[in-house]
Protein chains: 4
Amino acid sequence: MSANTFGKIYRLTSFGESHGVAVGGIIDGCPPNVSLDLELVQKDLDRRRPGQSSITTSRKEYDKIEILSGILNGKTLGTPIAFSVRNKDAKPQDYENLKEVYRPSHADYTYEAKYGIRDHRGGGRQSARETLARVVAGSIAKQVLQQIDVKIIAFTSQVGHISLPSDYHYDSVDQDLIESNIVRCPHADTSQKMIDLIKEVKEAGDSIGGTITGIVYNTPIGIGSPVFDKLHADLGKAMLSINAVKGFDYGSGFQGLSSRGSELNDSFVNEGGIRTTSNNSGGIQGGISNGEEIYFRVAFKPVATIGIDQKTVTKKGDQTNLAAKGRHDPCVLPRAVPIVEAMTAMTILDHVLLSQTTRISQ
Amino acid sequence: MSANTFGKIYRLTSFGESHGVAVGGIIDGCPPNVSLDLELVQKDLDRRRPGQSSITTSRKEYDKIEILSGILNGKTLGTPIAFSVRNKDAKPQDYENLKEVYRPSHADYTYEAKYGIRDHRGGGRQSARETLARVVAGSIAKQVLQQIDVKIIAFTSQVGHISLPSDYHYDSVDQDLIESNIVRCPHADTSQKMIDLIKEVKEAGDSIGGTITGIVYNTPIGIGSPVFDKLHADLGKAMLSINAVKGFDYGSGFQGLSSRGSELNDSFVNEGGIRTTSNNSGGIQGGISNGEEIYFRVAFKPVATIGIDQKTVTKKGDQTNLAAKGRHDPCVLPRAVPIVEAMTAMTILDHVLLSQTTRISQ
Amino acid sequence: MSANTFGKIYRLTSFGESHGVAVGGIIDGCPPNVSLDLELVQKDLDRRRPGQSSITTSRKEYDKIEILSGILNGKTLGTPIAFSVRNKDAKPQDYENLKEVYRPSHADYTYEAKYGIRDHRGGGRQSARETLARVVAGSIAKQVLQQIDVKIIAFTSQVGHISLPSDYHYDSVDQDLIESNIVRCPHADTSQKMIDLIKEVKEAGDSIGGTITGIVYNTPIGIGSPVFDKLHADLGKAMLSINAVKGFDYGSGFQGLSSRGSELNDSFVNEGGIRTTSNNSGGIQGGISNGEEIYFRVAFKPVATIGIDQKTVTKKGDQTNLAAKGRHDPCVLPRAVPIVEAMTAMTILDHVLLSQTTRISQ
Amino acid sequence: MSANTFGKIYRLTSFGESHGVAVGGIIDGCPPNVSLDLELVQKDLDRRRPGQSSITTSRKEYDKIEILSGILNGKTLGTPIAFSVRNKDAKPQDYENLKEVYRPSHADYTYEAKYGIRDHRGGGRQSARETLARVVAGSIAKQVLQQIDVKIIAFTSQVGHISLPSDYHYDSVDQDLIESNIVRCPHADTSQKMIDLIKEVKEAGDSIGGTITGIVYNTPIGIGSPVFDKLHADLGKAMLSINAVKGFDYGSGFQGLSSRGSELNDSFVNEGGIRTTSNNSGGIQGGISNGEEIYFRVAFKPVATIGIDQKTVTKKGDQTNLAAKGRHDPCVLPRAVPIVEAMTAMTILDHVLLSQTTRISQ
């Protein structure tokens, strides 16, 4: 139904093709009377934007946001916040050769099969340029969540075979360390290795994937629905809806599969409040937050656009060869960090607001 | 909102506490005029039921389904199909000692935090007994999908550190092989090792997790929504909503992270229809099915209930020790196989029906 | 989508055919820890049940409710409340002659056109027996609303050409007066005239319609969404979803159309709180409650089942004649009063809970 | 939830305050590959726009639509269609005096109660300027519906006490006649009387209401959901969501209440297809279309803004007097005709698309 809408109470409906007039969205259900710092939103957009460093695509979009409604004198009105970002650096002619060809591991073929028509310019609606709207809505969600002291961060935790050290602790990651390097990994040694690997891959005209880790500090206890809309199920769906994502796990995840119950169970202790001595549950039990840190991993495949010759077919079914001419990212992770943050913030805020309907207020 | 409802067009709303009067649900949006074989539904329930083999819990529930509406003379009416299964083997006194204690890595504490009240008998609503309703709705969905030749299977692919051989091929798994052994793994050698491990763990009063793999054969091309409701995002959410699930990946998933784009991209070929030469995309590109097999992994943690002493706290916050007295499964995977099938079937059917709204019929 | 689900937060999903096994539903989103008096629910069912007086159908259904889940020791758990009522007085053979005939102004023809199949026994799913589920869910909603002192009543205000006096005041109607007579009209003279008319119509084998008025006292200020989900729009939809309803208006409604703005505008005054001097707005301004009484009218057509010969066609398209042999009501209004109350209660409770998401709680 | 979203499959999310930057919306779920004539959309906007005749407000907005996405070379892509209309004639200073005052029978007070903040400029979000987005989405829906030959019209049928003749036939109303006069009534004599009355009311600085009748010709048989989402219930909600609407009825409606079942029942006949000899059902039986004309009435109150002195209170609760200085319509009906058409078109298209999910396509 709501193919282009995310969320139940705090809802983003996004629009826009990569090389159309504009990309943007409408945020519905944002609480009123919240003072918004739109420069912080612009800053998050800048963290997502192409051309920001030597390891991202050279497509240059300044991605200047325009707010069309919902804010008066810097405060939210409780009415829909519409926003748009005009597409400026469109070079449709770069993509003319793609009109009749299906790019391997892209959605050209499936879009055409589904709709019988597609905007071939820069991937049209399938382009990750759509995530710009998510970053705006997520950035605003982060500001709303600040009112109840919830803090969300994300960082690159793996690129190809290079991972953070296995004993790396997630309970207090420094945002400044994350932003101190172009790959957005908070561990200096590891980040340098990651950057080197991405440069090597870029040189080869190839691409590489990895994982981003997301963390939520200070989640209120008791948010999340216990059956179908478990908090981690909604987080998982949010992450899997990001372009190029192939997997999601939280807490002990896939990595804990060889351990036994007695090793993974988190004992409760009373430390002036009920806490757990370990956190293999990842802050969520039975789909409901227990107040510990929520942490999860998101697996991104190597981006499909590469500079190397590939076999494919045309719309008519003829065999052909293809090498990307458009600009592309060798590794999507550094730019995807604010997107993971955004989807996390929207999911958490949505569940915080939803949880306010559990009991009737007197 | 729809905390206990799954799906958009084909919708299951489930109800029931583990030791209440009954567990069941209402299926809305089932196509009319479909002949249903209710014995097949009962058979799927039997595959999920406790006490079915030497490696599952000894709680005995015959789980006899009663249909209350929506079917006339063996055919669906297009009206809601309500069904219930009475709880017969309830031994509430077994759980009396749990009234005041929060079991580690269960949802006792979070339920109480959320609702201020909980049914402590056998976990109440948090019990995986709720999944019985999913198996019914999924089993019916499988029968509806048969009309368009879609086939869904699932099997145990990993228990603890024991996995299927890495070169195991998923393109034509034999359902009979899966059901030929009590762990539901289609590879004879591996299944025996898995069973041995589970027995060892059971002996120790402990528990062990693993992965279930799900496969969809013959998915129609073009189902799935391309932005927030990507087909794999909805599959992921469906799986993550199952009790004890900690992770989900599809196609190349987490395992392909060290490969490069040039290795993972799936080339298109025309073989009397557009196909791909490999299937790292897992049958889904840009959130839309491309007609290749859909395959994915679901990670289950070891069940939290173990026979070993654990530290925890009471409702009042006092420290205490706990060893499970209730019956429990050392490994949930064999019984979870029909649940994974069920959630897959509901998700696929829902998207098939949704995709029928894309164009207007003349 | 949610064809058989009503509401967003407080949600009823109903099921059941008139002469199937049972009729019932699942209530999701009911606040936890509310003490429910199930005898009050049964009492509301009794107000709806057939055979209750000389002016209703003689079909006898005791409509004994069974609760299947969601309540423990008389208190709601916050989990789904499932309930069912078995169909006992089913006489399918009474309806055998209707298998091949479309009853005029019933939904036999449209059901068959939509689904290609229908349960002809007593109208199957189209029967107003479905409203039994609404009465249960509404009765529980009324008990939840009592916690915030909201009170809902409904009564018969017009039967055929006989109406309440035009100067009748709605600001404090006595529930006992309503229930003191079988037509459920709080004005003694008028109720007698209504009863006489219904008896006359019954004698003739015919049927008659009228209006029911609904009132909500003490609605919290500020509930209702201001654009598409205006409070009166949701109330209107709720009423129009009841069988046989043909119209809805609120406040000055259709009756105020010949007055001018200067006559209908409600002036604000400060009387230890902002109030209006008149209430032509019907307690709702811009879709949001202003704290004054909400009042509205619901128009019911004469029921389509009559004892008089009518022309119609068979499934095969042959012309035929039909006179009802089944039992029927000459006037549906007395039994519809608790249904109007129920739909009102569900709508108001849903909006009360929804309004708790407007701001973020700190 | 979806406070600013209308529809399930064909969905409009609207945004914008009356004197903010822009008003507009996003249409999701529009079928792909439909050739759109955007001049027809602009024409419908012109029928809604202020200042179009001597009996509407003199506020001049050219309301030039800009399409931001979803259309390529004149064809829909199946992706979201975003559009906006910039607010040009904003005179915020006209409304400075309303910052602290609650206008009688407007939503100033209720907005402030709900959100704790409001945009006082021209009513902000409560302004009927929001309906501009509805007209765009409805106009596009009409073009999509043309593909299956559905035709929708609306006209003014009553102004104050002046109505169309009671024997006026609705089965083939001429759209040109409707547009031939400024009040949009298809009956020449009546339209002149209506215009005279509106001019008289305008002269007096007062306002007047009335009814608009909507008609759908050639609705496919079998659309509409039979229980909560009855076709007429969704039409009713759609109409009641329009500013100033106080009532809705369809078919025999409120006007048939004094007739008996034997008079109102519609006999079936076979005339090369099953038809009814009369149409008191208004084209809908049991919530499902039967192929006959759908017709309904929408009651609009006199607009609340008048030029006559009224008593009210300020935000601080002080008593004050108010006479409108802003421009206003003496009668909203002529401009509301395209809005009624729009909401009808969206509702019908939504149900047409939804009905395509009833059966599974092979």
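Which residue stands opposite V159(B) in β10(B)? The answer is G210(B). That pair is a handy way into this predicted model, and the rest of this briefing works outward from single chains to the way the copies meet.

**Chain A as a whole**

- Start by counting pieces: chain A holds 8 helices and 18 strands.
- Chain A has a radius of gyration of 21 Å, close to the 21 Å that the globule rule gives for 362 residues, so chain A is as compact as a globular protein of that length.
- If you line chain A up along its principal axes, the C-alpha trace spans about 65 × 50 × 35 Å.
- Buried residues make up 63% of the 362 residues in chain A.
- Now look at contacts in chain A with a separation of 6 or more: 71% of them come from residues 24 or more positions apart.

**A sheet shared by chains A and B**

- Here's a nice one to trace by eye: an open sheet of 10 strands runs β9(A)-β8(A)-β10(A)-β16(A)-β11(A)-β11(B)-β16(B)-β10(B)-β8(B)-β9(B).
- The pairing in this sheet is antiparallel.
- Its edge strands are β9 (162-163) of chain A and β9 (162-163) of chain B, and each of them pairs on one side only.
- The opening pair sits in this part of the model: strand β8 (residues 151-159) of chain B pairs with strand β10 (residues 210-217) of chain B over 8 bridges, in the antiparallel sense.
- On the chain A side, helix α8 (residues 333-355) lies across β8 (151-159), β10 (210-217) and β16 (294-300) of chain A.
- Relative to β8(A), helix α8 of chain A runs at about 145°.

**A smaller story in chain B**

- Chain B also has an open sheet of 5 strands, in the order β1-β2-β3-β7-β4, with antiparallel pairing.
- At its edges you'll find β1 (5-6) and β4 (65-67) of chain B, each pairing on one side only.
- β4(B) is joined by 3 bridges to strand β7 (residues 81-86) of chain B, and the two run antiparallel.
- To spot this pairing, look for E66(B), which stands opposite S84(B) in β7(B).

**How the copies meet**

- Take chains C and D: a turn of 180° and a shift of 0.0 Å along the axis lays chain D on chain C, with an RMSD of 0.0 Å.
- The two copies are thus related as by a two-fold rotation axis.
- In contact terms, 89 residues of chain D meet 90 residues of chain C.
- Several elements of chain D give two or more residues to the side that touches chain C, including α2 (108-115), α6 (231-240) and β11 (245-250).
- Sorted by class, that side of chain D has 35 nonpolar, 39 polar and 15 charged residues.
- The copies meet through the same surface, because 100% of the interface residues of chain D are also interface residues in chain C.
- Strands take part too: β11 (residues 245-250) of chain C pairs with β11(D) in the antiparallel sense over 3 bridges.
- Within that pairing, D249(C) stands opposite G247(D).
- Chain D can also be superposed on chain A, by a rotation of 180° with 0.0 Å of shift along its axis and an RMSD of 0.0 Å.
- For chains D and A, the same surface serves both copies, and 100% of the contact residues of chain D recur in chain A.

**Three residues to click on**

- L197(A) sits in helix α5 (residues 188-203) of chain A.
- L197(A) counts as buried because 20 other C-beta atoms lie within 10 Å, and 20 or more is the cut-off for that label.
- Leaving out residues up to four places away in sequence, L197(A) touches V159(A), G160(A), I162(A) and I208(A).
- L197(A) and I208(A) are 11 residues apart in sequence, and their C-alpha atoms are 8.7 Å apart in space.
- D149(A) is not a glycine, although it has a positive phi of about 65°.
- You'll find D149(A) in the loop between α3 (131-146) and β8 of chain A, and it counts as exposed with 11 C-beta neighbours inside 10 Å.
- N33(C) is another residue other than glycine with a positive phi, near 70°.
- N33(C) lies in the loop between β3 (22-28) and α1 (38-48) of chain C, and with 13 C-beta neighbours inside 10 Å it counts as partly exposed.

Key
Residues numbered from 1 in each chain as written. Chains lettered and ligands numbered in written order. Predicted model: local features only at pLDDT ≥ 70, side-chain atom pairs only at ≥ 80, totals over all residues. Least-squares fit on C-alpha atoms with pLDDT ≥ 70 in both. Contact = placed C-beta atoms within 7 Å. Helix = DSSP H or I, 4+ residues; strand = E, 2+ residues; numbered from the N terminus. Nonpolar A, V, L, I, M, F, W, Y, C, P; charged D, E, K, R; others polar. Pairing = 2+ DSSP bridges. Rg over C-alpha atoms; globule rule 2.2 N^0.38 Å. Buried ≥ 20, exposed ≤ 12 C-beta atoms within 10 Å, placed from the backbone. Axes fitted to C-alpha atoms, helices over the stretch in contact; angles between N-to-C directions.
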